[in-house]
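Trainee: Could you take one part of this model and walk me through it slowly? I'd like a close look at the charged side-chain pairs, and then whatever else helps me place them.

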Amino acid sequence: MLGAILTAIVTPFGEDGRVDLARFRALARHLVENGSDGIVVTGTTGEAPTLTDDERFALYEAAMDELGGEHTVVAGTGTYDTAHSIHLTERAHAIGVDGFLVVTPYYSKPPQRGIVAHVEAIAAATDRPIVFYDIPGRVVVDAEPETISRLAEIENVRAVKQAKPSLDAARHVVASGLDLYAGDDDLILPFLEIGGVGGICVHTHVVGPRVRGLIELFRSGDGEAARALDAELRPSIELLRVVTNPIAIKKALELLGQASARVRLPLVEADEAETTAIRDCLARLGLLQPATA
């Protein structure tokens with residue numbers, strides 16, 4: 001529906017701390033030329049909580065101008081405030097994005113029926129696809145199977161980005177008739193094996209062509225080669241775990257000369273030890289020369 005590989009794109013910042021739209025456009029173009037079917041703008045990786053609404057809308061407009069009609073643009077419009085989420089969704093809809101990523105409301109810890117009511121209200125603001133984002137590691141609340149079943153009854157809720165390793169939960173998503181996306185990059189192959197469509201990824205900032213290759217190998221029936229390539233990609237998973245996302249991927253992009261490592265508080269840039277670990281991961285992926293002693 002929206003593609004097999006969507007990269008949750010970082011938001012580049014300039015020296016003055018402002019959103020760097022030129023660098024954002026260049027990075028978006030690079031991603032779709034290197035394995036991604038499209039991008040998710042203003043997700044967690046895009047540091048959405050620190051962006052103003054005007055900055056969000058400027059990013060959606062830039063993404064649509066750069067990629068619209070050719071590649072998928074999904075806007076992360078879910079927040080812990082339903083009314084604000086509706087406002088963001090309505091404006092992003094008017095800008096023309098292809099779909100929306102709506103996360104379980106964080107901090108508020110709503111009951112399961114509250115999650116359903118939240119998503120239902122947002123979905124009513126558009127006729128375009130909604131991807132529900134189940135990530136209990138960040139929002140604390142775990143979306144239960146019955147909740148997924150109820151969300152599947154909403155006409156334009158079309159997919160789930162699942163960032164938890166439960167294969168039972170993932171199978172339930174597929175059985176509910178929803179597209180299943182891996183929300184953690186190491187879950188792409190396990191989810192493909194049970195009927196998933198791909199991933200909404202972060203490591204594809206740096207290993208996009210190889211992730212595309214993994215999915216194509218699996219779909220061609222060469223599971224053994226797909227598993228071998230998945231093993232080769234382990235350093236890209238280790239990279240993301242060096243320090244809180246998106247600190248590590250932004251440092252990796254800086255080391256590769258593609259974007260600045262600047263982040264907004266309360267995030268801080270990778271320190272020396274973290275940078276060394278990130279560089280080592282990139283070297284093992286063959287993207288940088290190993291550091292000399």
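Mentor: Let's fix the term before anything else: a salt bridge here is a side-chain nitrogen of Lys or Arg within 4 Å of a carboxyl oxygen of Asp or Glu. Keep in mind that this is a predicted model. The background idea is simple enough: side chains of opposite charge can pair when their charged atoms come close.

With that cut-off in hand, look at R241 and D186. Their side chains sit 2.7 Å apart, N to O, and form a salt bridge. R241 is in the loop between α11 (234-240) and α12 (247-255), while D186 is in the loop between β7 (179-182) and α8 (188-192), so this contact ties together parts that are 55 residues apart in sequence. How open is each end, in terms of relative accessibility? R241 comes out as exposed because its relative accessibility is 55%, and D186 is partly exposed because its relative accessible area is 21%.

That pair has company, as a search of the whole structure turns up 17 salt bridges. Now go to E66 and R25, whose side chains meet in a salt bridge at 3.2 Å, N to O. Here E66 belongs to helix α2 (residues 53-67) and R25 to helix α1 (residues 21-32), so the link spans distant parts of the chain, 41 residues apart. Both ends count as partly exposed: E66 has 22% relative accessibility, and R25 has 26%.Next comes E70 with R29, a salt bridge between side chains at 3.5 Å, N to O. This one also links distant parts of the chain, with E70 in the loop between α2 and β3 (72-76) and R29 in helix α1, 41 residues apart. E70 is exposed, with a relative accessible area of 51%. Step back and these pairs connect: salt bridges that share partners join R25, R29, D65, E66 and E70 into one network.

Now for some surroundings, beginning with the empty space. The largest pocket holds about 970 Å³. Its lining has 39 residues, and those nearest its centre are T44, Y133, I135, R138 and N245. Two or more lining residues come from each of β4 (99-103), α5 (136-139), β8 (198-201) and α11, with α5 giving the most, four residues. By type, the lining divides into 19 nonpolar, twelve polar and eight charged residues.

For contrast with the charged pairs, try two buried spots. T7 is in strand β1 (residues 5-8), and T7 counts as buried because its relative accessibility is 0%. Leaving out residues up to four places away in sequence, T7 touches L31, S36, G38, I39, V40, C201, T204 and H205.

The other spot is A261, in the loop between α12 and α13 (272-284). A loop position can still be buried, and A261 is, at 2% relative accessibility. With the same exclusion of residues up to four places away, A261 touches K250, K251, E254 and E269. If you want a long-range distance to check in your viewer, A261 and Q162 are 27 Å apart, C-alpha to C-alpha, with their positions 99 residues apart in sequence.

Technical notes. Residues numbered from 1 in each chain as written. Predicted model: local features only at pLDDT ≥ 70, side-chain atom pairs only at ≥ 80, totals over all residues. Heavy atoms only, no water. Buried < 20%, exposed > 50% of the residue type's maximum accessible area, 1.4 Å probe, protein only. 1 Å grid on protein atoms, 1.4 Å probe; cavity = no way out; pocket = protein on both sides within 12 Å on 5 of 7 lines; lining within 4 Å. Points joined across faces, edges and corners; volume = space filled by probe spheres on them. Nonpolar A, V, L, I, M, F, W, Y, C, P; charged D, E, K, R; others polar. Contact = heavy atoms within 4.5 Å.
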